Amino acid sequence: MRISIFGLGYVGCVSLGCLAKNGHQVIGVDVNPFKVDQINKGQATILEMGIDTIIKEEYEKGNISATVCAKKAVLNSELSIICVGTPSSHHGHLDLSYIYKTAEEIGDCINLKNSFHTVVIRSTVLPGTNQKIGKIIEQRSNKKRGEDFSVVSNPEFLREGSAVSDYYHPAITVIGGDNDLAIEKVASLYSCLDAPIEVTDIEVAEVIKYVNNSFHALKIAFSNEVGNVCKALSIDSHKVMDLFCKDNKLNISCAYFKPGFAYGGSCLPKDLKGFATIAHDHYVSTPILACIEASNEHQKRVAYDLITKTGKKNICFIGLSFKEGTDDLRYSPSVDLAETLIGKGYRLTIYDENVHLSKLIGANKSFINERLPHLSKLISDDLEMTIKSNDVVVINHRDFDADAYYHLLEKKHTVIDLMRINKMETLPNYEGICW
């Protein structure tokens with residue numbers, strides 16, 4: 001394939017060399033003549049292990065070249081990859097001016113073409129940028145998106161120092177687009193790599209890089225806080241985290257990564273508070289650990305606000321224990337939500353097939369007697385009647401059978417889903433807590 005790459009910085013240079021090595025004819029474009037001259041001498045524009053050799057070899061084979069002329073690049077390629085910089089402002093906003101300028105140049109060039117052209121965004125951009133670039137190209141080219149060209153989001157996940165290895169051994173390749181032909185063309189660039197290709201919504205592809213890197217930053221900061229606490233206790237923090245990483249069922253896995261309602265139960269709240277207390281007692285500051293509980297409390301407030309904005313007072317809770325399949329009510333976020341609503345004058349009816357007042361014992365019984373002393377007047381064993389007799393239905397458990405009660409739910413004022421039951425998303429009165 002004949003490919004043009006706009007921007008010969010870090011991502012552009014690596015992409016230029018690796019795509020050429022994979023058998024493509026690649027022409028680089030940059031406003032900086034020095035970078036263009038370097039490529040045209042067979043020299044890399046960055047210092048990165050392995051890329052200098054690749055650029056030299058592919059240049060000598062005649063697979064790569066560079067130019068300052070966008071017209072020359074676009075007219076001699078069928079696919080253009082945007083790798084220009086998106087620097088951050090002091091307040092964290094991205095400067096997308098280079099992206100938009102590049103889109104204008106590409107649009108002007110597409111105006112001169114009769115063949116379909118695919119534009120790929122590799123730069124890190126804000127959600128919505130893909131659509132804006134499409135509009136810019138339409139305006140400048142007098143061509144129509146989807147018929148004459150397409151814009152595909154294909155974020156890069158290259159780490160400095162191992163970028164070439166990362167390019168050839170990615171965990172996943174993400175492609176977001178709205179044109180099957182363009183998506184297939186971009187996917188073909190990575191068909192030689194041993195990694196899954198995930199085609200997704202454009203906006204998902206645009207935001208995933210932010211999510212990834214924010215989590216990576218969180219991991220580093222979290223590990224450092226653990227290390228600080230362990231040092232104060234004269235414990236080897238590396239041994240602790242090595243052991244932590246051996247659990248790939250919960251710790252290093254997809255477990256718990258489902259946006260939804262707050263966490264609860266007898267373990268997470270207690271142990272988080274306990275670890276933070278150990279740090280405090282040893283005069284170790286742990287701002288991340290301290291913020292976790294606050295974030296969890298905020299999520300309870302989000303659920304409360306969803307309910308109150310309905311303007312209705314009769315509320316049905318389906319699920320009260322901290323998760324389905326148990327009658328454990330200790331530190332259940334649903335109990336906290338119910339307590340708050342009752343205190344504000346709302347009328348609650350609660351259904352939970354696993355909660356039977358006569359079987360509650362010990363700490364579980366003491367907890368609920370303190371938090372919801374009149375639970376016996378609120379709880380019901382008839383789910384159908386519970387739904388029928390209330391205006392707003394709040395789903396707190398994942399095991400709710402939406403199919404069986406769908407006909408009743410669609411008659412309610414609002415159905416608020418804290419767990420994401422897919423069947424219910426087709427309801428006209430449906431609202432998810434964070435989707």
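Helices (H or I, at least four residues) and strands (E, at least two) are DSSP runs, numbered from the N terminus. The model here is predicted: local features need pLDDT of at least 70, side-chain atom pairs count only at pLDDT 80 or more, and totals for chains, interfaces and linings use all residues. Residues are numbered from 1 along each chain as its sequence is written, and side-chain values use heavy atoms, with hydrogens and water left out.

**Exercise 1. Place threonine 118 in the fold and work out whether it is buried or exposed.**

Step 1: find the element. Threonine 118 sits in strand E5, residues 117-121.

Step 2: check accessibility. Buried means under 20% relative accessible area, exposed over 50%, and partly exposed in between (1.4 Å probe, protein chains only). Threonine 118 comes out at 0%, so it counts as buried.

Step 3: look at who it touches. Contact means heavy atoms within 4.5 Å. Leaving aside residues up to four places away in sequence, threonine 118 touches Glu78, Leu79, Ser80, Ser150, Val152, Ala182, Lys185 and Val186. Take glutamate 78: it is 40 residues from threonine 118 in sequence, yet their C-alpha atoms are 6.5 Å apart.

**Exercise 2. Find the residues that UniProt marks as "binding site" and describe glutamate 160 and lysine 270.**

Step 1: read the record. The unreviewed UniProt entry puts "binding site" at Asp30, Lys35, Thr86, Thr124, Glu160, Lys270 and Arg330. UniProt positions are given in the numbering used here, feature names are shortened, and annotations may be inferred rather than shown by experiment. These residues span 301 residues of sequence and are spread in space too, up to 62.5 Å between C-alpha atoms.

Step 2: go to glutamate 160. It's in the loop between strand E6 (149-153) and helix H7 (163-168). Its relative accessibility is 68%, so glutamate 160 counts as exposed. Not counting residues up to four places away in sequence, glutamate 160 touches Tyr10 and Glu48.

Step 3: move on to lysine 270. This one lies in helix H11, residues 268-281. At 52% relative accessibility, lysine 270 counts as exposed. Its side chain joins that of aspartate 271 through a polar contact of 2.8 Å. (A polar contact is a pair of N or O atoms within 3.5 Å; within protein, one must be able to donate a hydrogen and the other to accept it, and residues adjacent in sequence count only if both atoms are side-chain atoms.)

**Exercise 3. Describe the largest cavity: its volume, and which residues line it.**

Step 1: set the terms. On a 1 Å grid over the protein atoms alone, a cavity is a set of points where a 1.4 Å probe fits but cannot get out, and a pocket is an open set with protein on both sides within 12 Å along at least five of seven lines; lining residues have an atom within 4 Å of a point. Grid points are joined across faces, edges and corners, and a volume is the space filled by probe spheres set on the points.

Step 2: get the volume. The structure holds one cavity of 30 Å³ or more, and the largest cavity has about 60 Å³.

Step 3: list the lining. Ile121, Ser123, Thr124, Val125, Ser153, Asn154, Pro155, Ala205, Glu206 and Lys209 make it up. Helix H9 (residues 202-232) gives the largest share, three residues.
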